[in-house]
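Let's take a friendly walk through a protein model and look at a few of its side chains. Have the picture ready and follow along.

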Amino acid sequence: MGKLTGKTALVAGAGRNNGKAISIEFAREGADLILVAREKKDSLNEVVKECEKLGAKVLPIMADVSDHEQVERLVQQGLDRFAQIDVLMSCTGRRAHQDFWQISYEEWHKTFEVNLYSLFYLAKAVVPSMMKRKTGSIIALGGQASVTSQSQRAHVIASKHGLFGLIKALALELGPYNVRANLIALMTIENVRANPEWYTDGKGGYTEEDLAAIPLKRAGKPQEVANVAVFLASEQSSYVTGDRILCGGGKYM
């Protein structure tokens, strides 16, 4: 029996990178899945196929989780299909690199919509059913931006700090209903970047200097993020809430 057998997980941002790895690992551990992506339907369908091969029942949905009306619809679709959502996993993120004085009003607001408002919308739609059943785990990917500052990312830092604040607020208010909320602060993970030019090697990866600054002397893998997500989604973390787990090879101490 897997760690998530009998549970249904909603994964937002499931089509690539960390979201893909988490979805597949959830399936491997026995969960049924509601997989959500905003674009690249073919990529999402590939994830669906891999999860179904592992025995999971999967409902794929194309939707923009920064739009609360779309979120309300997709959550209802998930509840209609599976009757329960035990795990809410948010992997969405917008990480534009811009000097503060170059950030437009539009970019500032869009960054908050994706990085922060989306979890508010998802939780607002999912939490009532969790409260009723007195069980649930809410998990957000936050990154280094949730715990410290970085140059050229004022909008990302502000929204991701807000994300951790929301996680703590959810944990406090939902604790009496046995609903937990936690954040994974991941750092230096090998992912395919939408904008590789923003990264120090110009290709979306990491330089030798970047890796030398990490105690483990290497970048992490999406699978290692997925392992942490399974822990927080499962009963193994039943007394962990309102907290963040750093998944960065010791980079931030």
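What follows is a short tour of charged pairs, unusual backbone angles and aromatic rings.

## Before we start

Keep in mind that this is a predicted model. Every value below is computed from that model.

## Charged partners

How many salt bridges does a search of the whole structure find? The count comes to twelve, and we'll visit a few of them.

Start with Lys20 and Glu50, whose side chains meet in a salt bridge with an N to O distance of 3.9 Å. That fits the definition, because a salt bridge needs the nitrogen within 4 Å of a carboxyl oxygen. This pair ties together distant parts of the chain: Lys20 belongs to helix H1 (residues 17–28) and Glu50 to helix H2 (residues 41–53), with the two sitting 30 residues apart. Lys20 has 31% relative accessibility, so it counts as partly exposed. Glu50 comes out at 32%, so it is partly exposed too.

Now find Arg38 and Glu39, which form another salt bridge, this time at 3.7 Å from N to O. Arg38 is exposed, because its relative accessible area is 55%. Glu39 has 43%, so it is classed as partly exposed.

## A small charge network

Next, turn to helix H4 (residues 105–133), home to Glu113 and Lys110. Their side chains meet in a salt bridge at 3.8 Å, N to O. What separates the two along the helix? They are three residues apart, which means about one helical turn lies between them. Asp64 comes into the story as well: salt bridges with shared partners join Asp64, Lys110 and Glu113 into one network.

Are Glu113 and Lys110 out in the open? Glu113 has a relative accessibility of 27%, so it counts as partly exposed. Lys110, at 25%, is partly exposed as well.

## Two positive phi angles

Here's a handy rule of thumb: most residues other than glycine have a negative phi. With that in mind, look at Asn178, where phi is positive, near 60 degrees, although the residue is not glycine. You'll find Asn178 in the loop between helix H5 (154–174) and strand E6 (179–186). Its relative accessible area is 44%, so Asn178 is partly exposed.

Thr188 is another non-glycine residue with a positive phi, near 55 degrees. Thr188 is located in the loop between E6 and helix H6 (208–212). Is Thr188 buried or exposed? It is buried, because its relative accessible area is 8% and the cut-off for buried is under 20%.

## Rings together

Time for the aromatics. A pair of rings is described by the distance of the centres and the angle of the planes. The structure holds four aromatic pairs. One of them is Phe112 with Tyr117: the ring centres are 6.3 Å apart and the planes stand at 55 degrees, so the pair is called tilted. Phe112 is buried, with a relative accessible area of 14%, whereas Tyr117 is partly exposed at 33%.

Which residues make up the aromatic cluster with these two? Trp108, Phe112, Tyr117, Phe120 and Tyr121 form one cluster.

## A charge over a ring

For the last stop, pick out Phe164 and Lys168. Lys168 lies over the face of the Phe164 ring, at 4.6 Å from the ring centre. Lys168 counts as sitting over the ring because the rule asks for NZ of Lys within 6 Å of the ring centre and within 35 degrees of the ring normal.

Methods: Residues are numbered from 1 along each chain as its sequence is written. This is a predicted model: local features need pLDDT of at least 70, side-chain atom pairs count only at pLDDT 80 or more; totals for chains, interfaces and linings use all residues. Side-chain values use heavy atoms; hydrogens and water are left out. Helices (H or I, at least four residues) and strands (E, at least two) are DSSP runs, numbered from the N terminus. Buried means under 20% relative accessible area, exposed over 50%, partly exposed in between (1.4 Å probe, protein chains only). Rings of Phe, Tyr and Trp (its six-membered ring) pair if their centres lie within 6.5 Å; planes under 30 degrees apart count as stacked, over 60 as edge-to-face and the rest as tilted.
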